[in-house]
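Hi,

Here is the structure I promised to pass on. Have a look at it first, and then read on for what turned up.

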Number of protein chains: 2
Amino acid sequence: MSCKLGILAGGGELPRRLIKLCQDTGQDFFVIAFKGQTDNQTVIGVDHLWSRLGAAGEIISKLKEKHVTDLVMIGPVKRPSMSELRPDWRALQFFAKIGAKSLGDDGLLKSVVSALESEGFNLLGVDDILHDLLATKEIYGKISPDEQALADIKRGVEVGRMMGLVDVGQSVVVQQGLVLGVEAIEGTDALIDRCADLKRDAAGGVLVKLKKPQQERRADLPTIGIETVKRAIKAGLRGIAIEAGGALVVDRDAVVALANEAGLFLIGIEPADYD
Amino acid sequence: MSCKLGILAGGGELPRRLIKLCQDTGQDFFVIAFKGQTDNQTVIGVDHLWSRLGAAGEIISKLKEKHVTDLVMIGPVKRPSMSELRPDWRALQFFAKIGAKSLGDDGLLKSVVSALESEGFNLLGVDDILHDLLATKEIYGKISPDEQALADIKRGVEVGRMMGLVDVGQSVVVQQGLVLGVEAIEGTDALIDRCADLKRDAAGGVLVKLKKPQQERRADLPTIGIETVKRAIKAGLRGIAIEAGGALVVDRDAVVALANEAGLFLIGIEPADYD
């Protein structure tokens, strides 16, 4: 990239990783940080603007003023209520235009992407920049799912796909064919924690994490990292299945080492293989 | 009924209500209580057998020995893991026969119903006996859902139906179009409690509780009672929508009084009206 990258930074440490990469490679960038979403430490020492999700006008003006050409959304963003959002005039016009499509999480993100594109920005996916993060179809680490785990993955794919069709959640936990939990707005961490208590007294369940079929890759890809694996171990799960091309695996080496040590499997799957 | 009623008693107070009705009307009955499911107080002073869900042989023998002709399943039953179930020979034959169909909750219950029917028992629904409990299409109490609440019910119906198609959950909580939570195995109470924390800073969400499309009415109908309404109030929800003909409303008068007092709506809906 010879152009200037605008980083729309969500929570977690992924935005800092990208900022570090830009600094290491001499890539020019500007960060938009969101109140209540972005970590404070993310913007320390870098050129940035603190804004609100609803302040579309301010954000777009600033990005243009800074001569940003390319944009990337990185790190999880919690969706606020309308009253928290306090949309400005620009954002209101946007909402008026997209109307009912804004109901689902993904409908909203997709609309944000096309609105930004219509402003002339080039939208990139995180995996366009941080190439090695995207999950591939493979067994990570030393442990393979056994027959029961494969059956649970199949059931998780069935349920996860249905949820995706109505633009809800990305994760399902299945134990011996029984769906222990389905993720909506609470996030995968909370889902895993909850399933620790719901688990039946038997070999632990499997977390299946899919991309929604209509998901906008550039707006939101689920992420697996050390924290996910730690929680899965603590909850007594047997393994994690993520969609190849549909999730980011952050800190691969550490994730694999941790999973191996705990006897947990981590597998990148092609959902169609489980039909 | 001039015949003898076998009561397969799950948890909660609904089984006691039925037992009371049998006693008041002189209906002959026999209770099967399940360890870890049925309340101890349910069987005090009545002819009963404590058994396990997996002890199909023992249960069927006892029901025949007691000359039971009709059977009713009443009160929620938590599904155990295979190892907790410890199926006896009869139950194993049953599981071998139904195979993969046992995966979903409803698949299992349906198979139990047909297995019991093939043993010559006449299976009744709770609503065949306790006629007034079944939810009807009406607005219970004084409060009606407003436009936003109706939109949230519509979204809840959309998501709940999808979940029902893969035989998971019965309840969804929606706030301003955003799906806060979806019920899997944790039960409606836990879902409501969780959504109290997930609620955005705005007018509270709506609980939508549907029957699964393929649900076996005689094996499992969702129940709304005082406890449900109390939790909904505590969680700051605006209202509850249940499927007409697909849920039992226990203690209607007290439920309505409580909802009115808290400004909560309770509505029995025909899901097809929200397509």
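Below is a walk through the overall make-up, the two sheets, one residue and the cavities.

Before anything else, please keep in mind that this is a predicted model.

**Overall**

Chain A has 275 residues, and 55% of them are buried. Its secondary structure comes to 10 helices and 13 strands. Of the contacts with a separation of 6 or more, 72% are between residues 24 or more positions apart. On the outside, chain A exposes about 11500 Å², with carbon and sulfur atoms supplying 52% of that area.

**The parallel sheet**

One open sheet in chain A is built from 5 strands, in the order S3-S2-S1-S4-S5, with parallel pairing. At its edges stand S3 (48-51) and S5 (122-124); each has a single partner strand, so one side of each has no neighbour in the sheet. Going from one strand to the next, the twist averages 25 degrees.

S2 (residues 29-34) pairs with S3 in the parallel sense over 4 bridges, and within that pairing A:Ala33 has A:Trp50 of S3 as its bridge partner. Two helices pack on this sheet. H1 (residues 14-25) touches S1 (5-9), S2 and S4 (70-74), and its direction makes about 160 degrees with that of S1. H2 (residues 56-65) touches S1, S2, S3 and S4, at about 165 degrees to the direction of S2.

On its other side, S2 runs parallel to S1, and 5 bridges join the two. A:Ala33 turns up again here, as the bridge partner of A:Ala9.

How many of the residues of S2 are buried? The count is 6 of the 6, so S2 is largely enclosed by the rest of the structure. Both faces are covered: A:Phe29, A:Val31 and A:Ala33 are buried on one side, and A:Phe30, A:Ile32 and A:Phe34 are buried on the other.

**The mixed sheet**

The other open sheet to look at has 6 strands in the order S6-S13-S11-S9-S7-S8, and here the pairing is mixed. Its edge strands are S6 (139-140) and S8 (178-182), each pairing on one side only. Inside the sheet, S9 (residues 206-209) and S11 (residues 239-243) pair in the parallel sense over 4 bridges, with A:Lys209 bridging to A:Ile242 in S11. H8 (residues 188-198) packs on this sheet and touches S7 (171-175), S8 and S9; its direction makes about 140 degrees with that of S8.

**A:Thr223**

This residue lies in S10 (residues 223-224). Is A:Thr223 buried, partly exposed or exposed? Its relative accessible area is 32%, and buried means under 20% while exposed means over 50%, so A:Thr223 counts as partly exposed. Leaving aside neighbours within four places in sequence, A:Thr223 is in contact with A:Leu14, A:Lys209, A:Thr228, A:Leu248 and A:Val250. Its C-alpha atom is separated by 13 Å from that of A:Asp132, which is 91 residues away along the chain.

**Cavities**

A search of the whole structure finds 2 cavities of 30 Å³ or more. The second largest has a volume of about 30 Å³. Which residues line the second largest cavity? They are A:Gly160, A:Met163, A:Gly164, A:Gly169, A:Gln170, A:Ser171, A:Leu210, A:Lys211 and A:Lys212. H7 (residues 147-165) gives the most to this lining, with 3 residues.

Shout if anything is unclear.

Cheers

Methods
Residues numbered from 1 in each chain as written. Chains lettered and ligands numbered in written order. Predicted model: local features only at pLDDT ≥ 70, side-chain atom pairs only at ≥ 80, totals over all residues. Heavy atoms only, no water. Buried < 20%, exposed > 50% of the residue type's maximum accessible area, 1.4 Å probe, protein only. Contact = heavy atoms within 4.5 Å. Areas by Shrake-Rupley, 256 points an atom, 1.4 Å probe, with all protein chains shown as cover. Pairing = 2+ DSSP bridges. Axes fitted to C-alpha atoms, helices over the stretch in contact; angles between N-to-C directions. 1 Å grid on protein atoms, 1.4 Å probe; cavity = no way out; pocket = protein on both sides within 12 Å on 5 of 7 lines; lining within 4 Å. Points joined across faces, edges and corners; volume = space filled by probe spheres on them.
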